[in-house]
Structures are given as C-alpha cells and as structure tokens.
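Work through the exercises below with the sequence and the model side by side. Each task is followed by a solution in steps.

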Amino acid sequence: MLLALAMVLCLTACGGNEEAGQQMTIGGSVTEATKAAEETEAPTEGATVVPGGAVFAFTFEGVDIIPGEAFDASKLPEAASVYEVPSCALEGTDNVYNYETFEVTAYDEGNGEFVYSVYFIDPNLTTNEGLALGDDLAKAVELYGENYEEVDGEYVYTNANTQLRLIVENEVVVSIELRMAANA
C-alpha cells in the first residue's frame, strides 16, 4: 500500500507543466519568510492569485509546514515511516515522511531539509481553511475562490511560492496537495 502511495506521490510530483505564479494561504500563522514574500513579490502575468496574500501552509499540532521553507521533523511526532524517492522536481532523492494522515516530501539542499510538498491521505484531515478529501468542488471554490488554473487535470491555486493542487473527479475532491511552485 505504501508503495502504491509512493508511486502516486512521484507521479504527482513529476506531473504537470506548472506556470510561475503567486500562491495562497492555508493557515493561520505566517512566518517571516511568508511576510517577506508578501512584501516583495508581485503577481506574474497569468498567475493565479488567491485572496489572503500569504502562502499555502498546513498546521499540524501547532507546527506550520510550508512548501519551500525549512522542515524540522523533530518538531512533529515521530513519523510512521520515512523513505527515499527519486526527486522529479529537483536533483537527487527526497525523503517522504509518512504521518499516517498526511505525508511531507522534503528535499535537502546541503543546508538542511526543506518542504517540497504536503500530501493529504486521511479524509478526516482538513486544510487550515477546512477543505477535506471527499468534499465537493463547490466547497473548494467557496473556500478559495474561482481564481484557479486547470493544469493537467488539476485545479491549481497559487500564492507566493506555493500551490494548492486539487484533483477533482465527478465534482468531488479526491486529492489535496500543497506544493512548492515550479519557479520557487
């Protein structure tokens, strides 16, 4: 089962012809890096900008997990499993931390690990704004607005250097992922 999930994550990480853009906030807490992004980054042409202006983040047990920012696994409960996968977006390998309800894919730039993506597994887990697997597309649009792009079958919201990527089948959200933008 983990192997199948890892393959889905690899396909998700490798898929897509992402466009540069700004991204949205999925969280209550905004870090200093996020504040700097809000102050310095302007939307690029064709970017999808979501109201809120910060970044997509996921908060778990008081810890903000933000794509593109440092990842310290010691601040979270022990992962159920950790495994390496070839990196599609970056060079080398990524570490995938499985926390049973979500997974964090992290890459190492030589000066510590950074979050590449957060992938939701459990339908009882919600984004900071309240979206869960199994919710309908109308709820996603209610929470995040209509300012999304459809990229390779995904609904993509962007703010700063992060993305909220949703796969929707029959108007139902079947995949939720927070990810670094391609230009990050």
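**Exercise 1: charged pairs**

Glu 154 and Arg 165 form a salt bridge whose closest N and O atoms are 2.8 Å apart; a salt bridge is a side-chain nitrogen of Lys or Arg within 4 Å of a carboxyl oxygen of Asp or Glu. The model is predicted: local features need pLDDT of at least 70, side-chain atom pairs count only at pLDDT 80 or more, and totals for chains, interfaces and linings use all residues. Residues are numbered from 1 along each chain as its sequence is written, and side-chain values use heavy atoms, with hydrogens and water left out.

Task: Place the Glu 154 and Arg 165 pair in the chain, state whether each partner is buried or exposed, and find how many salt bridges the structure holds.

Solution.
1. Glu 154 lies in strand S8 and Arg 165 in strand S9, eleven residues apart, and the pair links distant parts of the chain. Helices (H or I, at least four residues) and strands (E, at least two) are DSSP runs, numbered from the N terminus.
2. Buried means under 20% relative accessible area, exposed over 50%, and partly exposed in between (1.4 Å probe, protein chains only). Glu 154 counts as buried because its relative accessibility is 7%. Arg 165, at 1%, is buried as well.
3. The structure holds three salt bridges. One of them joins the side chains of Asp 135 and Lys 139 at 3.5 Å, N to O. Asp 135 is buried at 18%, whereas Lys 139 is partly exposed at 31%.
4. Glu 177 and Arg 179 also meet in a salt bridge, at 3.0 Å, N to O. Both of these residues are buried.

**Exercise 2: strand pairing**

Task: Which strands pair with S4, and in what sense?

Solution.
1. Two strands pair if DSSP finds at least two bridges between them.
2. S3 (residues 81-86) pairs with S4 (residues 93-98) in the antiparallel sense over six bridges. Within this pair, Ser 81 stands opposite Asn 98.
3. S4 is also joined to S5 (residues 102-108), by four bridges and again antiparallel. Here Val 96 faces Thr 105.
4. S4 and S5 form a hairpin with three residues between them, and Glu 100 in the turn has a positive phi of about 70 degrees.

**Exercise 3: the nonpolar core**

Task: Which elements supply the largest nonpolar core, and what does Val 118 touch?

Solution.
1. A nonpolar core is a set of buried Ala, Val, Leu, Ile, Met, Phe, Trp, Tyr and Cys residues joined through side-chain atoms within 4.5 Å.
2. The largest one has 31 residues, and those with the most contacts inside it are Phe 58, Ile 65, Phe 102, Val 104, Val 118 and Leu 166.
3. Elements that each supply at least two residues include S1 (58-60), S5, S6 (113-120) and S10 (172-180). Helix H3 gives the most, with four residues.
4. Contact means heavy atoms within 4.5 Å. Not counting residues up to four places away in sequence, Val 118 touches Phe 58, Ile 65, Phe 102, Glu 103, Val 104, Ile 176, Glu 177 and Leu 178.

**Exercise 4: burial in the whole chain**

Task: What share of the chain is buried?

Solution.
1. The chain has 184 residues, and buried residues make up 49% of them.
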